[in-house]
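Visitor: I'd like a really close look at one helix and whatever it touches. Could you take me through it slowly, with the cut-offs spelled out?

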Amino acid sequence: MAERTNGQITAAIAITIAVGAIISWAGSDGGDRLGSIPVFALCGALAFAINWLAFIPAALKQTEHYYDLVGGISYISIMLVAVLLSAELDLRAALVAAMVLFWSLRLATFLFRRISKSGGDNRFDKIKNRPLRFFMAWTIQGLWVILTAAAALAVITGGAREPLGAVGIVGIVVWLIGISVEIAADTQKSRFKSDPANKGKFIYAGLWAWSRHPNYFGEIVLWTGIAIIAVPVLQGWQWATLISPVFV
């Protein structure tokens, strides 16, 4: 049974990598290249590579302490590589890069502070001492980075440049709504959890009174905003990058 389970995990890892490769290939259609290598595909490979490298010390120490922080570093890294290796950015591409960088810096910092206070993440309790399963978690994070950032990468590396226009402005407004909801929800929950009287209780105040997962709602909305901004410059197989908000 153990061998079959390990085989299933190995197959799942292979599928995860394959999905990342497919989206990287689709997003690279007609886009900028570094020599013969598409910049989009390079960013996709980098997302996996960063997480695999971080897995090594994490597995040796059997710790998940830096998991979310590495996720944020992955987003920041691929955005910077995309910006530096792509053709001159226009307003749309520059704004998208700034949006993703702001979001990733804020979220990575917030999550790292949270786990530093709590001392751990119980989601990893049953897998951090099982290398193959733990490796799967880091591989999934690499895919998460690729899929969620796909539309943004298509804007930056896609090669097409168009005026921002009304569609772009709508996308910016949607993104602002999403990031505002996410920040407010995270702040409200942190304050709730910091009160000893609320230990073991679930938050039903503020935004959480309307949705049990308003931070996820904010996440979906902000990536939908990025996708809307991307629509006017997508071409060919790049349209597959609109999987971003759907995946989230």
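Guide: What follows is a walk around one helix, by way of its salt bridges, pockets and cores.

Some ground rules come with it. This is a predicted model, so to speak a computed one, in which local features need pLDDT of at least 70 and side-chain atom pairs count only at pLDDT 80 or more, while totals for chains, interfaces and linings use all residues. Residues are numbered from 1 along each chain as its sequence is written, and side-chain values use heavy atoms, with hydrogens and water left out.

The helix I've picked is helix 4, where helices (H or I, at least four residues) and strands (E, at least two) are DSSP runs numbered from the N terminus. Let's begin with charge pairs. A salt bridge here is a side-chain nitrogen of Lys or Arg within 4 Å of a carboxyl oxygen of Asp or Glu, and the count by that rule is 4. One of them sits on helix 4 itself: Glu-182 and Arg-106 pair up at 3.1 Å, N to O. Glu-182 belongs to helix 7 and Arg-106 to helix 4, so this pair ties together parts that are 76 residues apart in sequence. Both ends count as buried (under 20% relative accessible area, against over 50% for exposed and in between for partly exposed, with a 1.4 Å probe and protein chains only). Glu-182 comes in at 2% and Arg-106 at 16%. The pairing goes a step further, since shared partners join Arg-106, Glu-182 and Asp-186 into one network.

Now for the loops on either side of helix 4. Asp-90 and Arg-161 form a salt bridge at 4.0 Å, N to O. Asp-90 lies in the loop between helix 3 and helix 4, and Arg-161 in the loop between helix 6 (150-157) and helix 7 (165-194), so parts that are 71 residues apart in sequence are tied together. Asp-90 is buried at 19%, whereas Arg-161 is partly exposed at 25%.

Beyond the other end, Glu-64 and Lys-128 meet at 3.2 Å, N to O. Glu-64 is in the loop between helix 2 (39-61) and helix 3 (67-85), Lys-128 in the loop between helix 4 (91-118) and helix 5 (131-148), so the pair links parts that are 64 residues apart in sequence. Glu-64 is buried at 4%, and Lys-128 is partly exposed at 22%.

On to the empty space. A pocket comes from a 1 Å grid over the protein atoms alone: an open set of points where a 1.4 Å probe fits, with protein on both sides within 12 Å along at least five of seven lines, and lining residues have an atom within 4 Å of a point. Grid points are joined across faces, edges and corners, and a volume is the space filled by probe spheres set on the points. The largest pocket holds about 1,200 Å³. It is lined by 37 residues, and the closest to its centre are Asp-68, Leu-111, Arg-114, Arg-123 and Tyr-216. Two or more lining residues come from each of helix 3, helix 4, helix 5, helix 7 and helix 8 (214-230). Helix 4 gives the most, with 9. Sorted by class, that lining has 18 nonpolar, 9 polar and 10 charged residues.

The second largest pocket has a volume of about 470 Å³. Among its 13 lining residues, the closest to the centre are Phe-110, Arg-114, Lys-117, Ser-190 and Lys-193. Helix 4 and helix 7 each supply at least two residues here, and helix 4 again gives the most, with 7. This lining has 1 nonpolar, 5 polar and 7 charged residues. For the classes, Ala, Val, Leu, Ile, Met, Phe, Trp, Tyr, Cys and Pro count as nonpolar, Asp, Glu, Lys and Arg as charged, and the others, Gly among them, as polar.

Last comes the greasy side. A nonpolar core is a set of buried Ala, Val, Leu, Ile, Met, Phe, Trp, Tyr and Cys residues joined through side-chain atoms within 4.5 Å. The largest has 43 residues, and Ile-78, Met-79, Val-96, Leu-153 and Ile-226 have the most contacts inside it. Helix 2, helix 3, helix 4, helix 5, helix 6, helix 7 and helix 8 each give two or more residues to this core. The largest share, 10 residues, is from helix 4. Apart from this core lies another one of 11 residues, including Ile-50, Ala-58, Val-70 and Phe-124.
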